[in-house]
Amino acid sequence: MAPRANWKGFLRLSLVTCPVALYPATSESEKISFNQLNRQTGHRIKYIKVDQDTGDEVPNEDIVKGYELEKGQFIEVTKEELEEIALESTRTIEIDEFVNKSDIDPRYLIRPYYLRPDGKVGHDAFAVIRETIREMNKVAIGRVVLTNREHIIALEPMDKGLVGTLLRYPYEVRSEHEYFDEIQDVKVTKDMLDLAKHIVNQKTGTFDPKKFEDHYEGALVELINQKRAGKMIRPKERPKGENVVDLMEALRQSVGREKSQEPAIAPKKSAKKPRKAASGQKEMLMPIAGKKQVKEAGAKKATGKVAASVCLKAEPTRGLDGSIGLPSIRRAESKV
């Protein structure tokens, strides 16, 4: 099921208009996330809004926006006043111009969205706009208001829909001269460049996002499983960087190493056995899986006859002093 639309309105090219909805094309909800806890009690931390001077809690209805002119002096702006200056792009993405994709500096890209017709009407007009952009091999530039701010949006076809990428304004992009002016002018010899090109050719492939694995996410899952099973966490030795003394020799060794290495084939991961319970826990602790793995597993349809149903019941464990510890999972099987 598609997530809820971030924005609904109209897409317009001159006099051609259709209702559309804008959806986020990316998500980080599958990543491991943490809550902040009170170390002493183990309870979650709750944030409240307080008056900076009095320390009193302020209810939401008494909170307004303010622009600070100078230290301690603010200009208050109400919600009604903000609504009065609403731009046309609040409800309509007006296509202003068409540009070549190569003209858009990657530094201006923010995040992608999916754009599709909203409802059962307007599909014809949407298709006309989409196919016009596709046939002209251009990117359509428009404006849209998201989170109370107007953004530039670049639209290009993808399958039956459109991908809209939010763009930054020029004042949001820092000049490269602030960082690059102090880089030394170094003359690279032809021999060095030829060796470096040889390394590039050995590593050349096609971009496939499925080849990349989030190692940090996997390490977080492993860390949580180890702590849950009561294992001692030992810090790993960090890799040490080494200064390159002879750049030419380093390039030659790199060429030889790349040539000797076979194409990396990811070994099949064997199923991990459930970890044993820590001291004081009688039930078996089932290792957690990352949110991504859980989501992928839930998407797969079960095939064949189900032989047994498995019930997992979470129960808190009690220590010798009667304190409640991490919940454990008790597994029970029943015949179908």
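The legends below cover four close-up views of a predicted model. Residues are numbered from 1 along each chain as its sequence is written, and local features need pLDDT of at least 70, while side-chain atom pairs count only at pLDDT 80 or more and totals for chains, interfaces and linings use all residues. Side-chain values use heavy atoms, leaving out hydrogens and water.

**View 1. An open sheet of eight strands, with helix 2 packed on it.** The strand order is 5-1-2-7-10-9-8-6, and the pairing is mixed. Strands (E, at least two residues) and helices (H or I, at least four) are DSSP runs numbered from the N terminus; two strands pair if DSSP finds at least two bridges between them. Strand 5 (92–94) and strand 6 (97–99) are the edges, each pairing on one side only. Neighbouring strands are turned by 40 degrees against each other on average, direction ignored. Strand 1 (residues 7–13) runs parallel to strand 5, joined by three bridges. Arg 12 has Glu 94 of strand 5 as its bridge partner. Helix 2 (residues 123–136) touches several strands, including strand 1, strand 2 (16–24) and strand 7 (109–117). Contact means heavy atoms within 4.5 Å. The direction of helix 2 makes about 80 degrees with that of strand 2. Axes are lines fitted to C-alpha atoms, for helices over the stretch in contact, and angles run from 0 to 180 degrees between N-to-C directions.

**View 2. Glu 156 in strand 9.** Glu 156 counts as partly exposed because its relative accessibility is 21%; the partly exposed class lies between buried (under 20%) and exposed (over 50%), with a 1.4 Å probe and protein chains only. Not counting residues up to four places away in sequence, Glu 156 touches Lys 101, Ile 133, Leu 162 and Val 163. Lys 101 and Glu 156 are 55 residues apart in sequence, yet 9.0 Å apart in space, C-alpha to C-alpha.

**View 3. The hairpin of strand 3 and strand 4.** Strand 3 (residues 65–70) and strand 4 (residues 73–77) pair in the antiparallel sense over five bridges. Gly 66 stands opposite Glu 76. Two residues lie between the strands, and Gly 72 takes a positive phi near 80 degrees. Strand 3 is hardly covered: among its six residues, the count of buried ones is zero.

**View 4. Classes of residue lining the second largest pocket.** The lining has ten nonpolar, four polar and five charged residues. Ala, Val, Leu, Ile, Met, Phe, Trp, Tyr, Cys and Pro count as nonpolar, Asp, Glu, Lys and Arg as charged, and the others, Gly among them, as polar. A pocket is an open set of points on a 1 Å grid over the protein atoms alone, where a 1.4 Å probe fits, with protein on both sides within 12 Å along at least five of seven lines; lining residues have an atom within 4 Å of a point. Helix 1 gives the largest share of the lining, three residues.
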